[in-house]
There are 2 protein chains.
Amino acid sequence: MNSEFTIAVHSLVLLAYLPERMASSETIAENVQTNPARIRKVMSVLRKSGFVETREGVRGGYRLAVEPGEVTLGDIYRAMAQGSLMPGWCSGDPEMDCIVGSNMRTVMNGIFCTAEKRLEDYFDSITIQAVLGQIRAC
Amino acid sequence: MNSEFTIAVHSLVLLAYLPERMASSETIAENVQTNPARIRKVMSVLRKSGFVETREGVRGGYRLAVEPGEVTLGDIYRAMAQGSLMPGWCSGDPEMDCIVGSNMRTVMNGIFCTAEKRLEDYFDSITIQAVLGQIRAC
DNA sequence: TCGTACTGTAATTATATTCGTTACAGTTCG
DNA sequence: CGAACTGTAACGAATATAATTACAGTACGA
């Protein structure tokens, strides 16, 4: 679920860069270097979250529905990849006798939750506009 | 590579909790809820980083080689899972014409690097001792 | 109103990663 | 010497991730 975050950011930055702020899934896919179906899947989530509008049919595609300076990577992260920090596998087992084995899972959960909040805070400090600025500065 | 970090933390906390600060891979595996070979693999890294000493042969096992109050989760993260935040898959292609497609990878790399530093900073604020304290407080 | 150019979505396959298992050589102690 | 350990690698199973294909639905324009 993590590289979809990267794809989402890339797609929105590309839309923000284009004069019309609009492109088809094929154009975006070429720029991102993946296939159109994957882009459509990601864009489907971004549409439901209100970041883009879609137009089906001829001359259709995706159009940026927000101001690049007002959307942060944190917003995108929450829509696409929330919870990705915590490993799927967890150690210990609440049913154990040993307090270490039985409580470790809860404690690590708390630590990962806080870590994730910190990560979101950092992502919240970066807008789509800022990413585009960094790209132009390359 | 991410759940090995959890296993490493769990193992070190368990050692810090035990009176002798020592246990075999089988004992640790049972507590963590995995198999001994996996534990030995993780402990092998921790040994090379100086967190534990091992004794082979009869009555052998792993002994904590540091003070629980002086080792942070950041130290463990750097030893076990550094770089795990960045997705394996990267978008764009430096050879492209479009500045977005060609520079996105570099920019995202920088963003993920900083995010990772922040994550380490947070992990550096938590010692093995502190995790054990949280477990006791459960 | 029909054909073309799009999106939406799901099913299927291919590939990579993660985890468990087994095996066995090497080490230490009694 | 034999029992109880670690060190390490090879193999296979399970799971996660990504690509591909397919096709129904929609909108525009001739």
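**Entry 1. The sheet of chain B**

I began with strand S1 of chain B. S1(B) pairs with strand S3(B), residues 61–64, in the antiparallel sense over 2 bridges. The model is a predicted one, and I read it as such. I then looked for a residue pair across these strands. Ala23(B) stands opposite Tyr62(B) of S3(B).

Next I traced the rest of the sheet. It is open, has 3 strands in the order S1-S3-S2, and pairs antiparallel. Its edges are S1, residues 22–23, and S2, residues 52–55, each of which pairs on one side only. Helix H3(B), residues 36–48, packs on this sheet and touches S2 and S3 of chain B. I noted the angle: the direction of H3(B) makes about 120° with that of S2(B).

How many bridges link S2(B) and S3(B)? I found 4, again antiparallel. Thr54(B) has Tyr62(B) as its bridge partner in S3(B). I then checked the hairpin of S2(B) and S3(B), which has 5 residues between the strands. There Gly57(B) takes a positive phi near 80°.

**Entry 2. The sheet of chain A**

I turned to chain A. Here 3 strands form an open, antiparallel sheet in the order S1-S3-S2. S1(A), residues 22–23, and S2(A) are the edge strands, each pairing on one side only. H3(A) lies across S2 and S3 of chain A and runs at about 120° to S2(A).

S2(A) and S3(A) run antiparallel and are joined by 4 bridges. I looked up two of the residue pairs. Glu53(A) has Arg63(A) as its bridge partner in S3(A). Arg55(A) stands opposite Gly61(A), also in S3(A). The hairpin of S2(A) and S3(A) has 5 residues between its strands. Gly57(A) in this hairpin has a positive phi near 80°.

**Entry 3. Chain A against chain B**

I went on to the protein interface. On chain A, 47 residues are in contact with 46 residues of chain B. About 4,100 Å² is buried between the two chains, and carbon and sulfur atoms give 77% of it. Which three residues of chain A supply more of its buried area than any other three? They are Trp89(A), Tyr122(A) and Ile135(A), with 16% of what chain A buries against chain B.

**Entry 4. DNA strand C**

I listed the protein residues around DNA strand C. There are 25, and Ser25(A), Tyr62(A), Ser3(B), Thr34(B) and Glu56(B) come nearest. Of the strand C atoms that come within 4 Å of the protein, 72% are sugar and phosphate.

I then took individual contacts. A polar side-chain atom of Ser25(A) lies 2.6 Å from a phosphate oxygen of strand C. Arg38(B) places a side-chain N or O atom 2.8 Å from a phosphate oxygen of strand C. I looked for a base contact too. A backbone N or O atom of Val58(B) is 3.1 Å from a base oxygen of strand C.

Which elements give two or more residues to this surface? They are H3, S2 and S3 of chain A, together with H3 of chain B. H3(A) gives the largest share, 4 residues. By class, I have 6 nonpolar, 11 polar and 8 charged residues near strand C.

**Entry 5. DNA strand D**

I repeated the search for DNA strand D. It has 24 residues around it, with Ser3(A), Thr34(A), Glu56(A), Ser25(B) and Tyr62(B) nearest. Sugar and phosphate make up 69% of the strand D atoms that come within 4 Å of the protein.

I looked up three contacts with bases. The side chain of Arg40(B) has an N or O atom 3.1 Å from a base nitrogen of strand D. A polar backbone atom of Val58(B) lies 3.4 Å from a base nitrogen of strand D. On chain A, a backbone N or O atom of Gly57(A) is 3.4 Å from a base oxygen of strand D. Gly57(A) is the residue I had logged in the hairpin for its positive phi.

For this surface, H3 of chain A and H3, S2 and S3 of chain B each supply at least two residues. Which element gives the most? H3(B) does, with 4 residues. The surface near strand D divides into 6 nonpolar, 10 polar and 8 charged residues.

Conventions
Residues numbered from 1 in each chain as written. Chains lettered and ligands numbered in written order. Predicted model: local features only at pLDDT ≥ 70, side-chain atom pairs only at ≥ 80, totals over all residues. Heavy atoms only, no water. Pairing = 2+ DSSP bridges. Contact = heavy atoms within 4.5 Å. Axes fitted to C-alpha atoms, helices over the stretch in contact; angles between N-to-C directions. Near = heavy atom within 4 Å. Polar contact = N/O pair within 3.5 Å; in protein donor to acceptor, adjacent residues only side chain to side chain. Nonpolar A, V, L, I, M, F, W, Y, C, P; charged D, E, K, R; others polar. Buried area = accessible area lost by both parts, 1.4 Å probe.
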